[in-house]
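Let's take a walk through this protein together, going from the overall picture down to single residues. Have the structure open and turn it around as you read.

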Amino acid sequence: MLNHLLYRSHTPSLLFSRTFSSSTLFVKGISFSSTEETLTQAFSQYGRVLGVDVLMDEVRCRPKGFAYVTFSSKEEAAKALLELNGQLVDGRVVILDTTRATKQNRPDNKPKHAVEEVPDSQHKVIPES
């Protein structure tokens with residue numbers, strides 16, 4: 001499937017010019033029967049897998065349909081991305097993408113939903129009439 005898309009693309013070199021900033025891949029479309037062991041087995045043929053994190057639906061006690069796979073190097077992650085993207089894993093076609101480092105844990109970043117509190121000295125008391 002990936003090869004079909006590459007040949008139809010006018011600029012296939014853009015796909016290969018991606019820089020890999022991480023050795024972790026985002027895997028979308030995994031089977032509800034997929035486990036860390038089955039994903040490790042599927043991805044280990046492309047390099048040394050350091051870890052697999054399958055996100056679980058706590059209510060249904062099954063995978064949500066996506067996972068993160070961490071390789072020992074960026075090159076191995078790139079090889080898996082190019083060769084396994086759009087292929088069958090546990091009976092489902094999976095879509096792979098790179099992950100990006102986030103700034104969520106830095107103290108200077110506030111969550112988007114944060115509410116700034118108003119000090120008590122700025123509250124106005126309206127007298128009753």
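We'll start with the whole chain, then visit two helices, a few loops, a strand end and a patch on the surface.

First, some ground rules: this is a predicted model, where local features need pLDDT of at least 70 and side-chain atom pairs count only at pLDDT 80 or more, while totals for chains, interfaces and linings use all residues. Residues are numbered from 1 along each chain as its sequence is written, and side-chain values use heavy atoms, with hydrogens and water left out.

So what is the chain built from? The protein chain has four helices and six strands; here helices (H or I, at least four residues) and strands (E, at least two) are DSSP runs, numbered from the N terminus. If you follow the sequence, the order is α-α-β-α-β-β-α-β-β-β. Of its 129 residues, 30% count as buried, where buried means under 20% relative accessible area, exposed means over 50%, and partly exposed is in between (1.4 Å probe, protein chains only). The accessible surface of the chain comes to about 9,900 Å², and carbon and sulfur atoms own 51% of that; these areas come from the Shrake-Rupley method with a 1.4 Å probe, and for residues only the protein chains shown count as cover. Now for contacts, meaning heavy atoms within 4.5 Å: among those in the chain with a separation of 6 or more, 63% are between residues 24 or more positions apart.

Next, find helix H3, which covers residues 36-43. Leu39, Ala42 and Phe43 are buried there. They sit on the same side of H3 because they cover an arc of only 90° around the axis, the arc being that of the directions from the helix axis to the C-beta atoms. Glu37 and Gln41, on the other side of H3, are exposed. And what do the buried residues of H3 pack against? Their partners are E1, E2, strand E3 (62-71), H4, strand E4 (88-89) and strand E6 (95-98).

One of those partners, helix H4, runs over residues 74-84 and has its own buried set: Ala77, Ala78, Ala80, Leu81 and Leu84. These cover an arc of only 165° around the axis, so they too lie on the same side of H4. Just past the end of H4, Gly86 takes a positive phi of about 85°.

Ala77 of H4 also leads us to a pair of serines. Ser22 belongs to the loop between helix H2 (13-16) and strand E1 (24-28), and Ser23 lies in the loop between H2 and E1 as well. Are they buried or exposed? Ser22 counts as buried because its relative accessibility is 18%, and Ser23 counts as buried at 18% too. Not counting residues up to four places away in sequence, Ser22 touches Lys74, Ala77 and Thr99. With the same neighbours set aside, Ser23 touches Val69, Thr70, Phe71, Ser73, Lys74 and Ala77. Ser22 has polar company as well: its side chain has a polar atom 3.0 Å from the backbone nitrogen of Thr24, and a polar contact of 3.3 Å joins the side chains of Ser22 and Thr99. A polar contact is a pair of N or O atoms within 3.5 Å; within protein, one must be able to donate a hydrogen and the other to accept it, and residues adjacent in sequence count only if both atoms are side-chain atoms.

Now head over to Asp57, in strand E2 (residues 49-57). Asp57 counts as buried because its relative accessibility is 19%. Its side chain reaches the backbone nitrogen of Val59 at 3.1 Å. Leaving aside neighbours within four places in sequence, Asp57 is in contact with Arg62, Pro63 and Lys64. The C-alpha atoms of Asp57 and Phe32 are 9.9 Å apart, although 25 residues separate them along the chain.

Two loops hold a backbone detail. Most residues other than glycine have a negative phi. Cys61, in the loop between E2 and E3, has a positive phi near 55°, and Cys61 is exposed at 62% relative accessible area. Asp90, in the loop between E4 and E5, also has a positive phi near 55°, but Asp90 is partly exposed, at 33%.

Our last stop is Val93, in strand E5 (residues 92-93). Val93 is partly exposed, with a relative accessible area of 39%. Together with Leu88 and Ile95, Val93 makes a nonpolar surface patch of about 260 Å². Patches are made of residues with over 30% relative accessible area and no salt bridge, with like charges joined within 9 Å and nonpolar side chains (Val, Leu, Ile, Met, Phe, Trp, Tyr) within 5 Å; a salt bridge is a side-chain nitrogen of Lys or Arg within 4 Å of a carboxyl oxygen of Asp or Glu.
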